[in-house]
Amino acid sequence: EGEPILGCPTGTAAYRRTFVEGKVTAAASSLPALSRLQPWSAWRLLRTCICARLGYLARVLEPTDTDAAFTRFDHLVDDAVAGIATAPRPAEQFLLRWLRSLPLELNGLGLPRFCGLAGDTACLLSRDRTYDFLETYMPELIVSVPRLWTPITLGAHEDELFLIPARRAVAAASRSRPPPSPSAFDDDEMEVDDEGFLQQPLSSSPVVDCPAAGTDEDIDDGVSLPSTSSDHSSRPSLLLASGIGHIASAAWDMSLTPESRRLGRTIGRLDPYGPDMLKPHARPMRRVFCTRMAVELVHYLDATGRSAQARWMRASCFKGSGRWLRGPGGPHYYGRLAFRSGDEYRAALRMRLLLSPASSDVGDVCAPLLCTCGLRVDPADSPFHCLDCQDSQWHHIQRHNLVRDLLCQFLRKRLPRDRIELEP
């Protein structure tokens, strides 16, 4: 029924789906072994090895061939991350699934969902390369493109999994309480770095009152953001990654000149802002949509009464965020900054996932926590135990010394003629 050529299954649709299922099963067979490793080793293997193995299939196959198998794989990865972070409760897993698919710069874990933005973008990029080849060497085959390739709406899967349920929860919460006071997230504070992360302004109202994500006010890159409504018809769907929504019949009319045939391709380019604006492209659209997902998550947390987690989430959105996930021995955190045990790393991982640093079998922030010193501490009764605990003094000393050394280095560069001395 088919044969793999250079790793790409070529044959009937049933053969391609069976091939992908086999690859997913092989990739997922390593997931149970992660529980026997240190959590930082498990995360690195999951991100750079296990998940990365399916990236090639996402590029060379259509979503109709991979969605079913990739959905199963995404659920298995969700379970693996929950096991690493010790987050078995369903209430925790909603945030976990949302955050793990975000980039590291947006307080995520950098583990893409292949049945979603990652897989759809990979497919669109591969279509671009294929179309360029056909346009150059075999333009007569372009007639098959509209029949074999269907337009892809970026972000449709993420809408169904996260944004629509979050908006429903926010709407339900807004009906059960008085109108909210002005949000603590001021528009002036949204720009967190020079790379454009989280630069979209947050509205002072709950997420249900925010402008639709497809409106022009949310665009900084000249691309359309996917709408978060259940109706996807108003959002741009791409046939190619370069912003092509459809291809005119002139593209495969061999009686026309090559320039006219290329015009048949570009005539379907999505260009809602005029010729001087940046044309939509799959990569910037994916980046903007990931940013919108982070902003919507902040809104969701704030509107549902978890403003502390919302601030925590937004404060962790910056370039370089999450470098510590590499664990001991990485290029950024080593020596006195390294984790001393897997429990410390797991607690930090849970905090990155906006969960209590304690595991679920110990209790959340409203119940006694198991401190590293061995005591069960109720934050309501002993709110400063983490500062007074003798087991944490090593970290306090190292943090003090690090800040002191950085200040001395700064002063020595700026005041070379002055004498700078270190004190304990």
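**A tour from Cys 317 to the second largest pocket**

Select Cys 317 to begin: at 1% relative accessibility, this residue counts as buried. Keep in mind throughout that the model is predicted.

Go next to Cys 51. Cys 51 also counts as buried, because its relative accessibility is 2%, under the 20% cut-off. Now show the sulfur atoms of Cys 51 and Cys 49. Cys 49 holds the cysteine sulfur closest to that of Cys 51, yet the two are 9.4 Å apart and therefore too far for a bond. A disulfide is a covalent bond between the sulfur atoms of two cysteines. Searching the whole structure turns up 0 disulfides.

Move to the N-terminal strands. Select residues 2-5, strand E1, and residues 8-11, strand E2; the two run antiparallel and are joined by 4 bridges. For one pairing, pick Glu 3, whose bridge partner in E2 is Thr 10. The hairpin has 2 residues between its strands, and Leu 6 there takes a positive phi near 55°.

The last stop is the second largest pocket, with about 590 Å³ of space. To centre the view, select Pro 103, Pro 112, Ala 118, Arg 286 and Cys 290, which of the 27 lining residues are the closest to the pocket's centre. Then colour helices H3 (55-60), H6 (117-137) and H10 (282-303), each of which supplies at least two residues of the lining. Which helix gives the most to this lining? H10 does, with 6 residues. Coloured by class, the lining of the second largest pocket shows 14 nonpolar, 5 polar and 8 charged residues.

Technical notes
Residues are numbered from 1 along each chain as its sequence is written. This is a predicted model: local features need pLDDT of at least 70, side-chain atom pairs count only at pLDDT 80 or more; totals for chains, interfaces and linings use all residues. Side-chain values use heavy atoms; hydrogens and water are left out. On a 1 Å grid over the protein atoms alone, a cavity is a set of points where a 1.4 Å probe fits but cannot get out, and a pocket is an open set with protein on both sides within 12 Å along at least five of seven lines; lining residues have an atom within 4 Å of a point. Grid points are joined across faces, edges and corners, and a volume is the space filled by probe spheres set on the points. Ala, Val, Leu, Ile, Met, Phe, Trp, Tyr, Cys and Pro count as nonpolar, Asp, Glu, Lys and Arg as charged, and the others, Gly among them, as polar. Two strands pair if DSSP finds at least two bridges between them. A disulfide is a pair of cysteine sulfur atoms within 2.5 Å. Buried means under 20% relative accessible area, exposed over 50%, partly exposed in between (1.4 Å probe, protein chains only).
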